[in-house]
Amino acid sequence: MKRQPRLRREELRSLMLEAGRAILFEDGLGLSAESLTFKKVFDRVEAETGIRITNASVIGRVWSGQDAYRVDVVDRLATTMAAEDGSLLDTEYEAVFISVAVALEGLDLTDPDDRAFGLQEIARRSTRVGSGAMEESRWVFRTVAWMMTVFGVSGQKDVDVLQHTMGTAYTRSLERFRELNSTLMTLLGLRMQPGLSIDDFTRAQMAFLEGFQLRQAIEGPLPDVILPTGHDGSDQEWSMAAIGVQALAQRYFEVDPEHSW
């Protein structure tokens with residue numbers, strides 16, 4: 001048999017990290033930290049590439065053990081999330097603003113009642129777009145995979161590393177959502193209610209949508225409801241997520257009677 005060439009250390013590390021990231025991405029909700037073993041990753045690499053890796057190939061040469069490997073995998077996962085979340089929101093901007101344009105069509109934005117109705121319609125329409133993007137990216141699966149791995153590692157140093165990396169991903173997401181919310185607030189002539197900030201709303205919005213996506217990942221898609229919320233009292237279709245975002249928006253925002261465009 002032809003002897004398998006020896007991989008360079010960085011080649012081996014990259015191969016193992018990508019295989020581990022793929023496993024967490026695919027199986028996040030059903031995978032405990034202890035399940036991300038070298039054997040599981042070795043088997044995947046061999047099945048996909050034909051390259052056979054053993055404990056002797058990596059322990060001491062690349063990682064000190066499985067915990068150190070798991071930390072590196074989740075660091076790679078979180079870094080990927082930080083990049084993908086930004087690009088994901090960039091690509092969804094056009095779809096969101098198309099939904100906004102439809103929501104505001106025919107409204108008189110000098111009329112406070114029409115502006116309040118516009119906020120409702122933006123929540124109803126754009127939440128569906130944003131939720132769809134989160135579902136398509138399987139964001140919640142990656143987040144749960146990260147959490148499971150954090151809880152499974154031993155040593156505060158490793159936990160601190162993972163929390164820092166994941167915090168970077170969350171900060172990037174917060175910035176992009178805040179930018180979007182600020183744009184919509186200006187467009188509608190809204191202001192924050194006393195004592196609240198755009199960051200407060202954005203964090204609450206993100207936390208709600210993350211929890212909602214987790215619930216749907218476990219239970220399956222929740223049914224829409226029909227409510228008489230049309231401008232003329234007509235029935236409209238609402239997702240459960242949109243109802244929650246609308247409730248948050250009503251508590252955080254108010255029409256600014258002094259706003260001028």
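**A quick note on this fold**

1. Buried residues make up 44% of the 261 residues in the protein chain. Keep in mind while reading that this is a predicted model. The accessible surface of the chain comes to about 13700 Å², and 54% of that belongs to carbon and sulfur atoms.

2. Now for the layout. You'll find 9 helices and 4 strands in the protein chain. Starting at the N terminus, the order of elements is α-α-α-α-α-α-α-β-α-β-β-α-β. As for how the chain meets itself, take the contacts between residues at least 6 apart in sequence: 76% of them join residues at least 24 apart.

3. Next, the inside. The largest nonpolar core has 19 residues, and the ones touching the most other members are Ile122, Met192 and Phe253. Which elements give two or more residues to this core? They are helix H4 (66–104), helix H5 (112–137), helix H7 (156–188), strand S1 (190–192), helix H8 (198–219) and H9. H7 supplies the largest share, with 4 residues.

4. Ile122 is a good place to zoom in. Leaving aside residues up to four places away in sequence, Ile122 touches Val100, Ala103, Leu104, Thr127, Leu184 and Leu188. Apart from the core just described lies another one, made of 18 residues, with Ala19, Val45, Ile53 and Val74 among them.

5. Have a look at Thr202 too, which sits in helix H8. Is Thr202 buried or exposed? Its relative accessibility is 0%, so Thr202 counts as buried, the cut-off being under 20%. If you skip residues up to four places away in sequence, the contacts of Thr202 are Leu174, Phe177, Arg178 and Asn181.

6. Finally, the outside. Which residues form a nonpolar patch on the surface? Leu227, Met240 and Ile243 do, and together they have about 200 Å² of accessible area. Ile243 belongs to helix H9, which covers residues 240–252. Why does Ile243 count as partly exposed? Because its relative accessible area is 31%, and partly exposed runs between the 20% limit for buried and the 50% limit for exposed. That 31% also fits the patch rule, which asks for over 30% relative accessible area.

Note on methods: Residues numbered from 1 in each chain as written. Predicted model: local features only at pLDDT ≥ 70, side-chain atom pairs only at ≥ 80, totals over all residues. Heavy atoms only, no water. Patch = residues over 30% accessible without salt bridge, like charges linked within 9 Å, V, L, I, M, F, W, Y side chains within 5 Å. Areas by Shrake-Rupley, 256 points an atom, 1.4 Å probe, with all protein chains shown as cover. Salt bridge = Lys/Arg side-chain N within 4 Å of Asp/Glu carboxyl O. Buried < 20%, exposed > 50% of the residue type's maximum accessible area, 1.4 Å probe, protein only. Core = buried A, V, L, I, M, F, W, Y, C linked by side-chain atoms within 4.5 Å. Contact = heavy atoms within 4.5 Å.
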